[in-house]
Amino acid sequence: MDLLRCIVSFVRAAEGGSFSAAARSLGVTPAAVSKSVQKLEADLGVRLFARTTRQISLTEEGQLFLESCRDPAIQLEEAVGRLAERRGRPFGRVRLTATTAFGRRVLVPLLVEFSQNYPEIELDLTLDDHIADMVVERFDIGVRIAGQLADTTMIARHLAEIQLLVCASPEYIGRHGIPGTPWDLARHNCISIRMPSTGRLLKWEFAEGSQHYALEAAGTLAVNDPEALVEAALAGCGVVQLGSYLVLEHLRSNRLKPVLSSYLAPNWWIYLYYPSKQHLPMRVQVLLEFIARSFPDPSCYLSDFQTSAQ
């Protein structure tokens, strides 16, 4: 077990870029990680890291060793976790991926609560608006917002519905008025999201009866982060279309006003999903159930606001 501990410490330090990062992920001190790496170097008879007072970097031998032992180290660590789970206690690391805004606003507080209940489970969350390859990138759980989950090989659960709401601040509406139809947006300053995967502006979605369509909306500002879009709208910069989970609190406080409510697009879903596996580790199962239980009402992000400028 000492050799496994040393190898895991080395892999975590190499991945995290420092002994401190490795120590945080392992729940030990940086000195303990450094000692484990030094012992491994002594046993192997090579230097794995070049060290300065501020940082570490892999030597050529260290890079070769990392490429050789990363996957086996992870597999051994998971094997130890499975044995621990057989004794009835979830143990080990769970890797998650989620969209940036939802992850920061909703998922991180849930994971903090989960960690307090399951201190032996290590959570590794990646916030990224690119769609991750769950299998290739070794993620256990994903959380995404979409009309439909693109990867049909995943096992997916619906957490909650969201609406795509169009809104603006009272100050902006007072200066520029209310668009009566989606086509009136051509005369307004529309703040849009630039998609990280394509570099293109995300089209705005609307529906009228059974017809569903998307429009390009232009303005003086484009951002790549939904929460920045919220801040721009609150500052009176222009009109935005955002998921209801981001703006409901501001609609209820009248800091934002809904517009074009008669043209709401079909609702999207927050999906909890994971690769199709016959036997999920206990640590993954308990986290999946915890997240799912945290959304007892699938309509929690739906609004009953009507178009109003009062």
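## Contacts and overall build

Two residues are in contact when heavy atoms lie within 4.5 Å. Take the contacts in the chain with a separation of 6 or more: residues 24 or more positions apart account for 74% of them. The model is a predicted one.

The chain has 310 residues, and 47% of them count as buried. Its secondary structure comes to nine helices and 14 strands. Along its principal axes, the C-alpha trace spans about 75 × 45 × 30 Å. The accessible surface of the chain is about 16300 Å². Carbon and sulfur atoms hold 51% of that surface.

## Helix H2

Helix H2 covers residues 19-26. Its buried residues are Phe 19, Ala 21, Ala 22 and Ala 23. What do the buried residues of H2 pack against? Two helices and two strands take part: helix H1 (2-16), helix H3 (30-44), strand E1 (49-51) and strand E2 (56-58).

Gly 27 follows H2. The phi of Gly 27 is positive, near 75°.

## Helix H8

Helix H8 spans residues 244-252. Seven of its nine residues are buried, so H8 is largely enclosed by the rest of the structure. The buried residues are Ser 244, Tyr 245, Leu 246, Val 247, Leu 248, His 250 and Leu 251.

Ser 244 belongs to H8. Its relative accessibility is 0%, so Ser 244 counts as buried. Leaving aside residues up to four places away in sequence, Ser 244 touches Ile 162, Gln 163, Leu 165 and Tyr 301. After H8 comes Asn 254, with a positive phi near 65°.

## Where H5 meets H8

Helix H5 (residues 100-117) packs against helix H8. The angle between them is about 55°, and the axes are 10 Å apart. That angle makes H5 oblique to H8. Which residues make the contact? H5 supplies Ala 101, Phe 102, Arg 105 and Val 106. H8 supplies Tyr 245, Leu 246 and Glu 249.

Of these H8 residues, Tyr 245 and Leu 246 are among the buried ones. Arg 105 and Glu 249 also appear in a salt-bridge network, together with Arg 104, Asp 225 and Glu 227.

## Salt bridges between strands E3 and E4

Side chains of opposite charge can pair when their charged atoms come close. The model has eleven salt bridges. One of them joins Arg 93 and Asp 124, with the closest N and O atoms 3.5 Å apart. Arg 93 lies in strand E3 (residues 92-98) and Asp 124 in strand E4, so the pair ties together parts that are 31 residues apart in sequence.

Is Arg 93 buried or exposed? It counts as buried, because its relative accessibility is 18% and the cut-off for buried is under 20%. Asp 124 is partly exposed, with a relative accessible area of 23%.

Asp 124 also forms a salt bridge with Arg 95. Here the closest N and O atoms are 3.9 Å apart. Arg 95 lies in E3 and Asp 124 in E4, so this pair ties together parts that are 29 residues apart in sequence.

## A salt bridge from H7 to H5

Glu 227 and Arg 104 meet through their side chains in a salt bridge, 2.8 Å from N to O. Glu 227 lies in helix H7 (residues 226-234) and Arg 104 in helix H5, so the pair ties together parts that are 123 residues apart in sequence. Glu 227 counts as buried, at 19% relative accessibility. Arg 104 counts as partly exposed, at 40%.

This pair is part of a network. Salt bridges with shared partners join Arg 104, Arg 105, Asp 225, Glu 227 and Glu 249.

## A nonpolar patch on the surface

Which residues make the nonpolar surface patch of about 200 Å²? Val 108, Val 112 and Leu 127 do. Leu 127 sits in strand E4, which covers residues 121-127. At 30% relative accessibility, Leu 127 counts as partly exposed. Asp 124, with its salt bridges to Arg 93 and Arg 95, lies in E4 too.

Methods
Residues are numbered from 1 along each chain as its sequence is written. This is a predicted model: local features need pLDDT of at least 70, side-chain atom pairs count only at pLDDT 80 or more; totals for chains, interfaces and linings use all residues. Side-chain values use heavy atoms; hydrogens and water are left out. Patches are made of residues with over 30% relative accessible area and no salt bridge: like charges are joined within 9 Å, nonpolar side chains (Val, Leu, Ile, Met, Phe, Trp, Tyr) within 5 Å. Accessible areas come from the Shrake-Rupley method with a 1.4 Å probe; for residues, only the protein chains shown count as cover. A salt bridge is a side-chain nitrogen of Lys or Arg within 4 Å of a carboxyl oxygen of Asp or Glu. Helices (H or I, at least four residues) and strands (E, at least two) are DSSP runs, numbered from the N terminus. Buried means under 20% relative accessible area, exposed over 50%, partly exposed in between (1.4 Å probe, protein chains only). Axes are lines fitted to C-alpha atoms, for helices over the stretch in contact, and angles run from 0 to 180 degrees between N-to-C directions. Angles under 35 degrees count as roughly parallel, over 145 as roughly antiparallel, 65 to 115 as roughly perpendicular and the rest as oblique.
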